[in-house]
Amino acid sequence: MSSSSKRCLKLLQKCRNMNQLKQAHAQAITCGLGTNSFALSRLLAFCANPNHGSLTYAWTLFQHIQNPTICICNTMIKAFFLKGEIFKTIHFYANMLNNGMYPDNYTFPYVLKACAKLECLELGEMVYGHCLKLGFVFDIFVGNALISMFCGFGNVKVARFTFDEIPRLDVVSWTIMISGYGQMGVIDNARLLFDEAPVKDRGIWGAMISGYVKNNCFKEGLYMFRLMQMSGIEPDEAIFVSILCACGQLGALDTGIWIHKYLDQQKFPLSLRLSTSLVDMYAKCGNLDMAMKLFDEMQQRDVVSWNVMISGMAMHGNGESALKLFRKMEKDGVRPDDITFIAVFSACSYSGMVFEGLRVLDTMSNVYNIEPKIEHFGCIIDLLSRGGLFEEANQIIRRMPDSGNPSDEAIAWRALLSSYCTYGQTRLAEVAAEKLMELEDHSGVYVLLSNLYAASGKHYDAKRIKQMMKNQGVNKAPGCSSIKINGIVHEFIAGEKSHQQMEEIHLILGKLDKQLDYAGEIIVG
């Protein structure tokens, strides 16, 4: 290769934008590298970059190549995929096969990712067949892509089979498989696999922590985070987001504050996602002032950030502040979504702001053209019922569009039944309960109705409902509460005495009971 050709190739590597690339391409042609496979692959690789490349230029360039190599074809497949042209990715792959070209271990990963993006199981299985036929299922890159694809399709059985077939697994393989189990809710299998992993890097720890949090095992997620710290692994943004979510759900404010201080001390950049997670954690843990302070300090806010803050106001019964924030969101030009309106309706409901909530419903339908979903109807029914407008609530539930899913319809009827029971509307509650029993076999219906009868002095009816539960085999999930003391989360389940300090707790409760009785006698005396 001549010195001018070498300089030209070096020039290609130094390109930073498409103008520079076009100049380098022109020089490559003058240097005799216009048909050189390596030079062409470098040109296409630059064009494939989703940040500064050009798919149009890449395709024009490719069409002028008479006999493209598999390397060049792979670069083109990558370019289509990274630019979001999923159908073209598959179409190009099909043309490759039709032209008699054999894909290799760099072809299949992007094609398999395209199948997953399209959510087309049949197509994915067909490409899987090609992998089997050509013997690439044992390749680590193809194998990992297959595991990821089948996990995305919810078929963890085939994903695990592929995982077990790969002779030399890497940390990516373990991470994908653990994440797949977590996504499908098979969290025990995820933990077993995690324990088997020979090397546990940050990705594997993150997958396990995220799996616990996604499956509402918040206590286990926090415990796993402590184990990770003891192993000397530094957490990344994704892990912090998962742990802050667990802190918010458990009310573990001290752990959340520790993470916040750690982020400040390490000068960890607060991304939009991380800032939103901190706001959410403080709001759910009851420190609304700190949540609002962080929200106000955010340099950038998206619709999720606004939703989190509005929801925080709503859960604390601060309806007026939630509505004010919603108006500010509109003024700032941020378009609300479905979740925004659920948060605003909830805020109005908790604060008894019936007419304000109905005005927001009108805004949602007529200004933003958002069709109310079953969750919105549930919120509106709750709003009307809390305001004592039972007839209006009943009319709305009767006019709801049929979603075809009984569990969706049950959401609205459950909200109506709950309100009837709260306000002692026995006759209306019976009608709602009868409808709800047709839709779902859930213990909550029976418990609400039984409690309503008991509060109304209808003890015979209360016993009848409990007997009905027993006869139909409906089990009530036991109540559960948790409290964090000195960094340890203590969990209590109704009817169980498994806590190690249960005797001491009962002794303290007994003393408190006596002191309250004594205080009552003094007040009466």
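Q249 sits in helix α15 (residues 237-250); helices here are DSSP runs of H or I with at least four residues, strands are runs of E with at least two, and both are numbered from the N terminus. This is a predicted model, where local features need pLDDT of at least 70, side-chain atom pairs count only at pLDDT 80 or more, and totals for chains, interfaces and linings use all residues. Residues are numbered from 1 along each chain as its sequence is written, and side-chain values use heavy atoms, leaving out hydrogens and water.

Back to Q249: its relative accessibility is 40%, so Q249 counts as partly exposed (buried is under 20% relative accessible area, exposed is over 50%, partly exposed is in between, with a 1.4 Å probe and protein chains only). Leaving aside residues up to four places away in sequence, Q249 touches F218 and K284, where contact means heavy atoms within 4.5 Å. F218 is 31 residues from Q249 along the chain, yet their C-alpha atoms are separated by 7.2 Å.

Now for a helix pair. The axes of α5 (residues 70-82) and α7 (residues 108-118) come within 10 Å and cross at roughly 25 degrees. Because angles under 35 degrees count as roughly parallel (over 145 is roughly antiparallel, 65 to 115 roughly perpendicular, the rest oblique), α5 is roughly parallel to α7. On the α5 side, the contact uses I77, K78, F81 and L82, and α7 brings Y110, V111, K113, A114 and K117. Sorted by type, that makes six nonpolar, no polar and three charged residues; Ala, Val, Leu, Ile, Met, Phe, Trp, Tyr, Cys and Pro count as nonpolar, Asp, Glu, Lys and Arg as charged, and the others, Gly among them, as polar.

The buried residues of α7 are F108, P109, Y110, V111, L112, A114 and C115. They pack against α5, α6 (86-98), α8 (121-134) and α9 (140-152). After α7 comes E119, with a positive phi near 55 degrees.

Most residues other than glycine have a negative phi. Two loop asparagines go the other way:

| Residue | Loop | Phi | Relative accessibility |
|---|---|---|---|
| N216 | between α13 and α14 (218-230) | near 60 degrees | 56%, exposed |
| N369 | between α22 (354-366) and α23 (374-386) | near 55 degrees | 63%, exposed |

How confident is the predictor? The protein chain averages a pLDDT of 86, and 87% of the residues score at least 70; pLDDT is the predictor's confidence in each residue, from 0 to 100. Among the elements, helix α13 (residues 202-214) has the highest mean, 97, and strand β1 (residues 480-485) the lowest, 66.

Note on methods:
Axes are lines fitted to C-alpha atoms, for helices over the stretch in contact, and angles run from 0 to 180 degrees between N-to-C directions.
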